[in-house]
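Student: I have a structure to read and would like to go through it by question and answer. Where should we begin?

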Amino acid sequence: MEEKKQRKSLSSFSILFIIIIVLGIITKFLDGAKFSPMELRDTGETVSQVVGAKLSDVVMSPFYGFKDAIDICIFILVLGGFLNIVTKTGALEAGIQNVVKKLKGNELVIIPILMFLFSIGGSTYGMAEETIPFYGLLGMTMVAAGFDTIVSVGTVMLGAGAGVIGSTVNPFATGVAMDALKGISIQPKTGLIMLIGLVLWALTTAYAIFVVMSYAKKVKADKGSTILSLQEQNDMEEHFAKGFDDKVVFTGKHKMILTIFAITFLVMIVSLIPWGDFGVTFFDSWTTFLTGEPFGAWYFGDLAMWFFIMGIIIALIAKMSESDIIDTFIDGAKDILSVVLIIVVARGASVLMATTHLDMYILDKSANLLQGLSPILFVIGAYIIYVLLSFLIPSTSGLAYVSIPVMGALADKVGLSADVMIMIFVSACGVVNLITPTSGVVMGGLEVSKVNYTTWTKFVFKHIIVITVMNLLVLIAAMLMA
């Protein structure tokens with residue numbers, strides 16, 4: 001294997017703190033800059049100028065980011081404890097070895113199946129933070145199958161990300177965007193939005209699977225072709241390869257634990273799909289007994305308690321003592337704490353943007369640039385604007401409520417489709433959230449996988465350009481035909 005040089009790169013935390021500081025400095029230069037009056041969603045207050053960030057705003061932004069993301073943080077900490085309990089039982093190791101043995105020579109088949117499932121999750125309910133536990137699980141699986149951790153990251157991030165790009169009934173993207181459009185008295189055409197979403201989903205998912213499969217084949221044939229640095233390869237061996245024993249017996253108890261493990265994640269998926277939006281009332285009453293909320297209305301708090309309960313059940317099946325359960329759970333939460341802190345700091349950047357109204361300033365000035373453009377240039381310009389805004393505001397629901405009343409109204413005003421504008425927003429957000437350092441999912445997933453941010457960007461950047469061009473062609477065609 002050709003020796004790879006150690007590559008020095010900034011940590012995820014350093015990158016995020018630098019972004020926060022730069023944003024703070026930008027707001028100082030723009031202090032008092034005017035923009036068209038906009039209403040704040042939370043308070044109803046109308047604002048019309050940038051407020052320069054004080055030192056205290058910059059210093060406190062991670063703290064307020066923690067407050068803003070507390071539900072996600074608790075969910076991920078509980079997930080860490082749950083996964084460590086399952087790992088301690090030995091069921092995961094035995095199950096992975098059993099799968100790898102059965103697929104001997106056909107390990108590649110795992111990739112398209114999983115990416116397809118992740119993309120369905122992304123398109124239907126915006127699967128994002130929920131993917132965090134899969135990075136560790138697939139890291140073990142892919143390394144045992146002869147691949148590397150870039151394959152596991154690509155499978156999860158590009159799989160779910162392709163689905164988000166082609167969101168159909170995603171309540172956190174198309175759902176909030178349509179709601180925001182109704183707020184300015186424009187009735188969205190749900191059928192058109194879903195049709196465009198399906199086309200984007202199919203094309204992006206197919207290309208993403210091709211990208212990961214091609215790289216996986218190359219690494220499988222020649223370990224030296226990995227894009228990972230020497231340090232990352234060492235980390236991969238330490239965290240995902242060591243400890244596996246080909247002679248591990250897959251027992252009946254292991255099968256029972258993994259069945260409950262699978263049911264736990266299945267319930268998570270079912271509970272997050274917005275059944276009410278489809279007129280489905282089957283879950284409305286009987287599923288409220290556990291958290292007080294029916295399936296379709298669960299969120300991270302409900303999920304945290306669900307995983308906590310299922311972790312205890314699995315520990316009892318494995319006959320772990322009370323002290324072992326507590327110690328194992330705490331160790332798992334501790335191991336994933338770095339992911340939580342990354343999400344906190346990433347959310348801090350969004351909080352700082354909202355506090356200073358820099359996001360609204362950029363939105364207003366950008367929208368003004370689009371007036372008078374041809375439909376083709378309008379789509380390209382709107383897409384670029386959303387790429388910039390998505391980098392600064394990685395929350396799709398937050399960005400929808402801030403931007404769609406402006407961008408949707410602008411499209412309608414110049415005689416273009418506000419429905420296509422929604423899909424421009426969704427696609428651009430999805431593409432950017434595959435790579436932006438302000439996304440807790442991106443940085444958290446890479447942290448779990450022990451892959452540097454610079455390595456991931458090197459792998460995925462050219463493919464993001466291809467996906468962007470494909471999406472733009474679909475969106476331009478949709479705008480011309482709408």
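Tutor: Begin with a pair of helices, and keep in mind that this is a predicted model. Helix 6 (residues 132-144) packs against helix 7 (residues 149-165) with the axes 8 Å apart and an angle of about 135 degrees.

Student: Is helix 6 oblique or roughly parallel to helix 7?

Tutor: The angle between helix 6 and helix 7 is about 135 degrees. Angles over 145 degrees count as roughly antiparallel and 65 to 115 as roughly perpendicular, so the rest of the range above a right angle is neither. Helix 6 is therefore, relative to helix 7, oblique.

Student: How many charged residues are in the contact of helix 6 with helix 7?

Tutor: Helix 6 brings residues including Phe 134, Tyr 135 and Leu 138, and helix 7 brings residues including Thr 149, Val 151 and Val 153. By class, the contact of helix 6 with helix 7 holds nine nonpolar residues, four polar residues and, as for charged ones, none.

Student: Which residues does Ser 449 contact, apart from its neighbours within four places in sequence?

Tutor: Ser 449 belongs to helix 19 (residues 440-449). With those sequence neighbours left aside, the residues in contact with Ser 449 are Tyr 135, Thr 149, Val 153 and Phe 240.

Student: Is Ser 449 buried or exposed?

Tutor: The relative accessible area of Ser 449 is 1%. Buried means under 20%, so the word for Ser 449 is buried.

Student: What is the handedness of the crossing of helix 2 and helix 14?

Tutor: Helix 2 (residues 55-68) and helix 14 (residues 337-356) have axes that come within 7 Å and cross at roughly 115 degrees. The two helices are therefore roughly perpendicular to each other. The crossing of helix 2 and helix 14 is right-handed.

Student: Which residues of helix 14 make the contact with helix 2, and how many residues of the contact are charged?

Tutor: On the helix 2 side, the contact residues include Asp 57, Tyr 64 and Asp 68. On the helix 14 side they are Val 344, Arg 347, Gly 348, Val 351, Leu 352 and Thr 355. By class, the contact of helix 2 with helix 14 has seven nonpolar residues, four polar residues and, of charged residues, three.

Student: How many disulfides are found in the whole structure?

Tutor: Two cysteines can be looked at beforehand: Cys 73 is buried at a relative accessible area of 1%, and Cys 429 is buried at 2%. A disulfide needs a pair of cysteine sulfur atoms within 2.5 Å. The number of disulfides found in a search of the whole structure is zero.

Definitions and conventions:
Residues numbered from 1 in each chain as written. Predicted model: local features only at pLDDT ≥ 70, side-chain atom pairs only at ≥ 80, totals over all residues. Heavy atoms only, no water. Helix = DSSP H or I, 4+ residues; strand = E, 2+ residues; numbered from the N terminus. Buried < 20%, exposed > 50% of the residue type's maximum accessible area, 1.4 Å probe, protein only. Contact = heavy atoms within 4.5 Å. Axes fitted to C-alpha atoms, helices over the stretch in contact; angles between N-to-C directions. Parallel < 35°, antiparallel > 145°, perpendicular 65-115°, else oblique. Nonpolar A, V, L, I, M, F, W, Y, C, P; charged D, E, K, R; others polar. Left-handed = near helix turned anticlockwise from the far one by under 90°.
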